[in-house]
Amino acid sequence: MNGGILMKLKLASKPLVALFMAAVLFAGCESVQPPSATEPPKTQEENKTPADTSTKEPAKEPAAESAKGDAKETPRNETLYINGLQWGAPTNFNLLSGNSAFPISYGSSRELVYETLFMINELNGALEPLLGTKYEWKDDTLHVELNKDAKWSDGQPFTSDDVVYTYQLGKKYDINWSSYWAYISEVTADGANAVNIKLNKDNPNKLTVLDSIEIIPMLPKHMWEEIEKKANNDLTAIRKEVNADPVGTGPYKMYFYNDQKITIVRDDNYWGQSLFGKLPAPKYITHVIYKDNAAGDLAFKSGQVDVSQQFIPQVWNMWKNGAPIKTYLKDAPYYVPGSMPSIIFNMSKKGIDNVDVRRAIAMSIDYKKISDLAMSGYSAAMEPSLTLNTEAESKYVDKDAIKSLQWTTDVKAANDLLDKIGAKKGKDGIRVLNGTRLGPFDVECPYGWSDWNAALEIVAQSAKAIGIEIRTKFPEAPVWTNDLQTGKFDIIMNTPAGGVNPSQPWSRAHDIMYSKKVAPIGEMAFWNWGRYKNDKADQIIDQIPTISDEAQLKSLYTELTKIWLTDIPSVPLMYRPWLFHTVNESVWKGFPVEGDGSNIPPQIAMDGAGIRALYQIHN
Amino acid sequence: MKNSFVILLKSPKFMIGAILFLLMLALVLIYPQINRKDPLEMIALAFQPPDANLWLGSDNFGRDLFLELMYGIQTSIRVGLIAGVFATVIGLIIGLASGYIGGIVDNILTAITNIFIVIPSFVILILISVSINSRSSLVTAIIIGITSWPWTARAVRAQTTSLRGRDHVHIAKISGHSTPKIIVFEILPYIASYVVMAFVLQTASGILSEASISMLGLGPYNTISLGIIMNWALVFEAPVAGAWWAFIPAALSIALITFSLYMMNTGMDEIFNPKIRS
């Protein structure tokens with residue numbers, strides 16, 4: 001075994017240090033094997049290795065810039081600082097690696113170095129043009145026109161070949177965007193400046209195909225073909241590519257990185273000047289890698305960080321003393337909701353297989369308390385529905401039609417309901433329904449996800465008041481994942497389809513209710529973890545992606561929501577922001593806020609349509 | 001035995017420790033009888049500072065920290081005592097067997113003991129806690145007990161080995177007493193005082209271990225212990241929020257309990273240990 005680490009562990013006086021050491025110990029056990037060229041390393045190990053080494057610079061650093069000294073300090077008033085996207089030292093900037101660092105990571109800070117075809121706007125769900133100028137459905141084919149001006153940062157033109165190549169990578173290898181190929185049959189070039197994406201006939205889902213054009217980052221064919229060739233088309237070898245100086249179409253290029261920060265520099269030849277009318281304001285963008293949330297919050301409060309994507313408890317305290325700190329919404333809930341962390345019932349568990357018991361639990365939960373205690377009040381009042389209460393989603397449901405089925409916190413009504421179905425309280429205060437004691441039911445989420453831990457403590461406490469025993473269980477995250485997928489739980493917490501994208505709220509409904517192709521309990525399921533089954537719901541979920549008429553969509557979603565509210569396979573506990581977008585305007589001013597008319601979404605000024613903020617801010 | 005107890009009562013260190021410990025025990029046993037509220041009930045806002053109603057303020061869930069502390073100390077002492085009993089009994093059995101029987105049995109048992117000493121018990125504790133599914137305070141206590149016996153075993157073995165060669169043991173052997181009988185009547189009384197001291201120390205370290213492991217989030221579920229109170233304070237960044245009341249009282253309680261137990265131990269040591277007896 002690893003003697004040195006054990007010695008250190010013994011010396012460690014504080015439990016936290018011990019935990020860290022234990023983590024090192026586990027990692028150490030994995031990585032003691034000598035590195036071998038034949039054995040494909042796991043991604044996790046890959047993740048660890050560079051963390052041990054010290055400062056690294058991009059291999060292909062331009063000569064002019066490397067003369068500026070080691071720390072690469074950039075002028076404060078030309079640099080935009082961000083935190084909360086990168087924890088731990090960066091390992092690579094290779095999108096295919098599966099663990100690439102800021103600003104390359106998949107689905108976050110999307111438009112800085114690599115760009116997507118369209119930019120998602122979380123406020124209204126619109127897809128705004130970027131590399132693509134417009135898209136339209138021609139029967140089962142999505143026709144996308146590309147921007148003729150677009151160029152790679154090395155000067156090469158961006159063409160339909162690059163788009164086709166990038167999509168094909170997902171077909172060839174098992175990478176982040178491979179899943180879209182379940183819905184796509186082929187992607188072909190239509191001249192140099194347009195592509196056609198053809199639906200898979202067996203699985204015609206227009207919604208997920210639309211997702212793909214706002215999330216897949218476009219890679220330059222001329223660069224990655226070389227890398228593929230060098231790696232002999234072997235994905236494990238491709239994953240080892242660090243890609244320290246990525247060539248993208250975006251407005252920024254890699255400038256400097258080490259294990260404390262990552263800095264990118266503006267590309268003054270950026271093609272998008274013709275689209276946006278000018279260059280983005282900050283010359284540099286730096287992500288400082290903080291030790292933990294607390295350190296990041298402190299730096300943000302003192303103005304060392306301009307944009308924070310961290311959960312800041314009681315954010316209003318930040319501007320109480322007049323500090324120029326803002327959230328997108330001026331008042332509670334401060335952030336724009338993006339997902340609904342929910343508890344999911346195991347539909348085969350005796351006791352909670354009864355819908356009235358589930359309804360009683362839903363009515364017992366104190367949602368206001370969850371919002372206040374777990375989320376610092378960042379979750380608006382709970383109105384149970386499959387849709388979020390945002391402009392992008394609320395249009396799909398007829399609020400009046402579902403009103404009578406929606407539950408609110410009402411302990412008395414919950415108790416009455418349980419009395420009515422004949423669940424009498426036993427001597428210990430816990431009800432018994434037809435010989436089944438209502439509890440103990442375990443409710444589960446990973447340890448250390450503090451807002452979730454708190455929410456579940458409140459659920460357990462709320463259930464006590466109606467004579468149902470719910471116990472919290474906070475295992476390590478991998479245990480939770482396994483329990484979730486194999487269905488080995490009574491009640492479990494998870495976010496059904498967390499992203500903000502064109503396929504919402506369909507994908508959320510799908511993850512909660514769709515029973516086709518779901519493995520039975522004991523095997524892995526990737527949605528519908530509680531194994532809910534309703535043929536009518538399946539049918540509607542199959543139908544929605546094929547329909548584009550808004551009125552028809554609304555009636556289908558309303559019907560689906562009614563089924564959900566009647567059967568209660570899950571109960572949303574809170575609304576969670578997609579991004580915790582908080583800005584400090586000590587250095588940079590003019591970030592978008594609600595009602596400023598700019599329609600720039602609070603997407604940390606660098607993700608999707610949120611990047612338009614970079615053209616608006618000023619010193 | 002009775003005599004030594006009377007001597008103990010004259011030791012100021014032992015008395016300070018014992019009185020402190022009993023006072024604390026009395027408080028945590030009596031207060032919940034007066035304030036019969038559910039300690040897990042969320043009655044206030046998060047991290048409310050102490051006032052006339054909430055003597056020690058509220059934690060991140062808005063729970064009454066004073067009431068929680070009472071239950072937490074109870075759990076922690078219970079876990080410590082159970083862990084102490086387990087550690088002492090296992091250590092005693094292995095130490096006695098290895099010291100008295102000797103030979104190959106001694107070699108094997110000593111080897112096992114040494115292995116357990118070399119591997120830090122805390123690592124084993126973490127590994128076991130991560131791997132088991134149901135974690136109640138009893139399970140946690142037992143795990144702590146079975147990972148912290150080696151030092152007791154070693155000391156008991158050493159004493160037993162030296163006792164084995166004494167005349168009264170030889171006489172008992174010649175008289176035809178059975179091995180268990182000799183161990184219980186001829187050896188145990190001579191190491192009894194040491195065993196009691198070891199038990200007190202094991203209890204104290206059991207309380208500390210519980211606190212450490214709970215602070216890592218690996219403690220028992222669905223209960224309150226001092227470690228769990230501190231764990232929540234840590235997870236919810238109470239130090240950043242300036243909510244000292246969320247962790248200082250719990251930390252102080254641990255310090256006070258272990259201090260009182262160590263005082264008792266030192267008092268006993270001064271009386272029973274011939275080397276430092278005054």
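Let's start with the salt bridges between chain A and chain B: there are two of them. Keep in mind as we go that this is a predicted model. One of the bridges pairs R63(B) with E457(A), and their closest N and O atoms are 3.8 Å apart.

Which parts of chain A make up the side that touches chain B? At least two residues each come from α1 (3-11), α2 (15-31), α10 (293-301), α12 (367-375), α16 (450-464) and β19 (470-473) of chain A. If you sort that side of chain A by class, you get 17 nonpolar, five polar and seven charged residues.

Now the contact as a whole. Chain A brings 29 residues to it, and chain B brings 32 residues. People often give the size of an interface as the accessible area lost when the parts come together. Here, the area buried between chain A and chain B is about 2,600 Å², with carbon and sulfur atoms giving 67% of it. Besides the salt bridges, you can look for polar contacts between chain A and chain B: four residue pairs are counted, both residues being at pLDDT 80 or more.

Let's move over to chain B. Its unreviewed UniProt entry carries the annotation "transmembrane region" for residues 14-32, 79-102, 108-130, 182-201, 213-236 and 242-262. What does the model show for two of these? Residues 108-130 of chain B are 91% helix and 0% strand, and their end C-alpha atoms are 29 Å apart. For residues 182-201 of chain B, the figures are 100% helix and 0% strand, with 27 Å between the end C-alpha atoms.

Back in chain A, please find helix α17, residues 477-486. Its buried residues include W480(A), D483(A) and L484(A), and also Q485(A) and T486(A). And what covers them? Among the covering elements are α16 and β19, together with β18 (441-444) and β20 (491-494), in chain A. You met α16 and β19 a moment ago, as suppliers of residues to the side of chain A that touches chain B. Right after α17(A) comes G487(A), with a positive phi near 75 degrees.

My last stop is T263(A), in strand β9 (residues 261-266) of chain A. Is T263(A) buried or exposed? T263(A) counts as buried, because its relative accessibility is 0%. Its side chain makes a polar contact of 3.0 Å with the side chain of T286(A). Setting aside neighbours within four places in sequence, T263(A) is also in contact with residues including T74(A), M254(A), Y255(A), F256(A), Y284(A) and I285(A).

Conventions:
Residues are numbered from 1 along each chain as its sequence is written. Chains are lettered from A and ligands numbered from 1 in the order in which they are written. This is a predicted model: local features need pLDDT of at least 70, side-chain atom pairs count only at pLDDT 80 or more; totals for chains, interfaces and linings use all residues. Side-chain values use heavy atoms; hydrogens and water are left out. Contact means heavy atoms within 4.5 Å. Buried area is the accessible area (1.4 Å probe) that two parts lose on being put together, summed over both. A salt bridge is a side-chain nitrogen of Lys or Arg within 4 Å of a carboxyl oxygen of Asp or Glu. A polar contact is a pair of N or O atoms within 3.5 Å; within protein, one must be able to donate a hydrogen and the other to accept it, and residues adjacent in sequence count only if both atoms are side-chain atoms. Helices (H or I, at least four residues) and strands (E, at least two) are DSSP runs, numbered from the N terminus. Ala, Val, Leu, Ile, Met, Phe, Trp, Tyr, Cys and Pro count as nonpolar, Asp, Glu, Lys and Arg as charged, and the others, Gly among them, as polar. UniProt positions are given in the numbering used here, feature names are shortened, and annotations may be inferred rather than shown by experiment. Buried means under 20% relative accessible area, exposed over 50%, partly exposed in between (1.4 Å probe, protein chains only).
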